[in-house]
Amino acid sequence: KVLGGNLGFHALLPLNDIRLNVKNGPHDHKRGIGDAHLGPVIGFHHSDKFHTAVGVDFVLPTGSEYDKNDLVNLGNNYYTVQAVYAMTYMDPNGFNADVRLMHDYNFENKDTHYQSGRELHADYTLGWGLGNGWVLGVGGHAYQQISDDKCSASNCAAAALVDANDGNRGRSFSIGPAVQYTSKNGWSLSAKWQDESGVRNRAEGQTYWLKFTTAL
């Protein structure tokens, strides 16, 4: 127990498969280890349905095969410190909500001498429990960069781009259907499809998620 909550730690090492296909243009494909996420978290159980958590994530540049001249890379090649606040409301026979709020501070990419600005973003899922383990709803994200990118003209090829785009601040929003099934044995399977809109200074597209969770 810490500050009235349960102290925990987590670590995530993703396996990424990234493909770039431009019509009548370049193509690239990489598969391998991405950037690791790890850090402490404190969870609070306010009732059997409502739970919150606060924590700090450290994103480490563990992505393999980084090359600043490549079209796609498996990792960002810089450190990020991310403050996290999460809320969950679960009702097997009614309203369900998951919201995670994050603030990112990014360090400089030493290969490109480029430093992305601070970011505010949120992931959300809203749904309705059918009483048989199934939850149907919608999910997505909202993203807004709140400070300018930094890139010195003396050692960074993208300096002119940053100046021309008022700090190259990004933003995006996505929404799409979401479905989750939780078994009586404790494992769960969720699937999401999200379509982005209002995108600025970021890649735009569609995202598909398939996640399986079980206790060890």
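Arg19 is exposed, with a relative accessibility of 54%, and in this predicted model Arg19 forms a salt bridge with Asp17, in which the closest N and O atoms are 3.4 Å apart. Asp17, at 38% relative accessibility, counts as partly exposed because this value falls between the limits of 20% for buried and 50% for exposed residues. Side chains of opposite charge can pair when their charged atoms come close. By the rule applied here, the count of salt bridges comes to six.

A further pair is formed by Asp70 and Lys30, whose closest N and O atoms are 2.7 Å apart. This salt bridge links distant parts of the chain, since Asp70 is found in the loop between β5 (50-60) and β6 (80-89), whereas Lys30 belongs to strand β3 (residues 27-33), with the two positions 40 residues apart in sequence numbering. With a relative accessible area of 30%, Asp70 is partly exposed, whereas Lys30, at 8% relative accessibility, counts as buried because its value is under 20%.

The salt bridge between Lys49 and Asp91 has its closest N and O atoms 3.4 Å apart. Here too the pair links distant parts of the chain: Lys49 lies in the loop between β4 (36-45) and β5, and Asp91 in the loop between β6 and β7 (95-106), the two residues being 42 residues apart. Lys49 is partly exposed, at a relative accessible area of 27%, while Asp91 is classed as buried, at 15% relative accessibility. Salt bridges that share partners also join Asp17, Arg19 and Arg31 into one network.

The secondary structure of the chain consists of one helix and 14 strands. Strands of a sheet pair through backbone hydrogen bonds, either parallel or antiparallel. Strand β2 (residues 15-21) pairs with β3 in the antiparallel sense, over seven bridges. Within this pairing, Leu15 stands opposite Ile33 of β3, and Asn16 has Gly32 as its bridge partner in β3. The two strands β2 and β3 form a hairpin with five residues between them, and in the turn Asn24 adopts a positive phi of about 60°.

An open sheet of 10 strands, with antiparallel pairing, follows the order β1-β4-β5-β6-β7-β9-β10-β12-β13-β14. Its edge strands are β1 (6-12) and β14 (206-213), each of which pairs on one side only. On average, and with direction ignored, neighbouring strands of this sheet are turned by 15° against each other. Within the sheet, β4 and β5 run antiparallel and are joined by eight bridges, and Leu38 stands opposite Phe58 in β5. In a regular strand the side chains alternate between the two faces of the sheet.

A nonpolar surface patch of about 990 Å² is made by Phe50, Tyr89, Phe95, Leu126, Trp128, Leu130, Trp134, Leu136, Val138, Phe173 and Ile175. At least two residues of this patch are supplied by each of the strands β9 (119-129), β10 (134-145) and β12 (171-182), and the largest share, three residues, comes from β10. Trp128, one of the residues of the patch, lies in strand β9. The strands β9, β10 and β12 stand in succession in the strand order of the open sheet.

Considered as a whole, the C-alpha trace of the chain spans about 60 × 45 × 30 Å along its principal axes. The chain has 216 residues, of which 32% are buried. It exposes about 13500 Å², and carbon and sulfur atoms supply 58% of this area. Among the contacts in the chain with a separation of 6 or more, 53% are accounted for by residues 24 or more positions apart.

Definitions and conventions: Residues numbered from 1 in each chain as written. Predicted model: local features only at pLDDT ≥ 70, side-chain atom pairs only at ≥ 80, totals over all residues. Heavy atoms only, no water. Patch = residues over 30% accessible without salt bridge, like charges linked within 9 Å, V, L, I, M, F, W, Y side chains within 5 Å. Areas by Shrake-Rupley, 256 points an atom, 1.4 Å probe, with all protein chains shown as cover. Salt bridge = Lys/Arg side-chain N within 4 Å of Asp/Glu carboxyl O. Helix = DSSP H or I, 4+ residues; strand = E, 2+ residues; numbered from the N terminus. Buried < 20%, exposed > 50% of the residue type's maximum accessible area, 1.4 Å probe, protein only. Pairing = 2+ DSSP bridges. Axes fitted to C-alpha atoms, helices over the stretch in contact; angles between N-to-C directions. Contact = heavy atoms within 4.5 Å.
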